[in-house]
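Here is a structure to walk through together. Have your viewer ready and follow along.

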Amino acid sequence: MTQSTNITFHEGNVSRTERSELLGQTGLTIWLTGLSASGKSTIASALEQHLLHLRVHSYRLDGDNIRFGLNSNLGFSPADRTENIRRISEVAKLFADSASVAITSFISPYKEDRNSARKLHEAAGLPFVEVFVDVPLEVAEQRDPKGLYKKARAGEIKQFTGIDAPYEAPEKPEIHIRSDQESVQACVEKIYSYLENKGYISAR
């Protein structure tokens, strides 16, 4: 990828500390990862709603939704998947830097890509919370709300994660959820409790 030249980063007049103090909250990224149909988007939507009702400004970045706009020119090859995650990592970092809670729900199947997202946030001094939405493949296939697993098994979709493309599960996520054993509300409460205990958020 060609890098831009002759550019200079322009610092604004508001520091991150001042912005957080004025808005009354600290920015961070909550990164939900897991197989298709694991429940990532459902949990992310419920978490966003829960936080907003507590007056915690948050915004959900969904894997499918992003591909309608920002990442509409990307496919599902390994290189495109990596670029997909690189872009959303940068966007999530911007949201977090603005003192918002960025909630991302992406399959993000490769450990290296997720680690790159984490390092990007750590280098900027921003919290990064990885949430592994874990579900057995057979359960995800049974759910199959979009019929994608059926198409992948029939050979109609190539390079589908969990079928003919790998999913590298997180080894040490901050939060591990079994969405086939816990309700959506229980998953949201588990994430919220972690954030509260870490001092990342507080209800207002």
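We take one helix first and then the two largest pockets.

This is a predicted model, in which local features need pLDDT of at least 70 and side-chain atom pairs count only at pLDDT 80 or more, while totals for chains, interfaces and linings use all residues. Residues are numbered from 1 along each chain as its sequence is written, and side-chain values use heavy atoms, with hydrogens and water left out.

Start at helix H5, residues 111–123 (helices are DSSP runs of H or I with at least four residues, strands are E runs with at least two, numbered from the N terminus). Asp-113, Arg-114, Ala-117, Arg-118 and His-121 are buried here (under 20% relative accessible area, where exposed is over 50% and partly exposed in between, with a 1.4 Å probe and protein chains only). They cover an arc of only 140° around the axis, so they sit on the same side of H5 (the arc is that of the directions from the helix axis to the C-beta atoms). An α-helix has 3.6 residues a turn, so residues three or four places apart point the same way. On the other side of H5, Glu-112, Lys-119 and Ala-123 are exposed. After H5 comes Gly-125, with a positive phi near 75°.The largest pocket has a volume of about 640 Å³, and the second largest about 360 Å³. A pocket is an open set of points on a 1 Å grid over the protein atoms alone, where a 1.4 Å probe fits, with protein on both sides within 12 Å along at least five of seven lines; lining residues have an atom within 4 Å of a point. A volume is the space filled by probe spheres set on the points.

Key:
Expected span 1.5 Å × (residues − 1).
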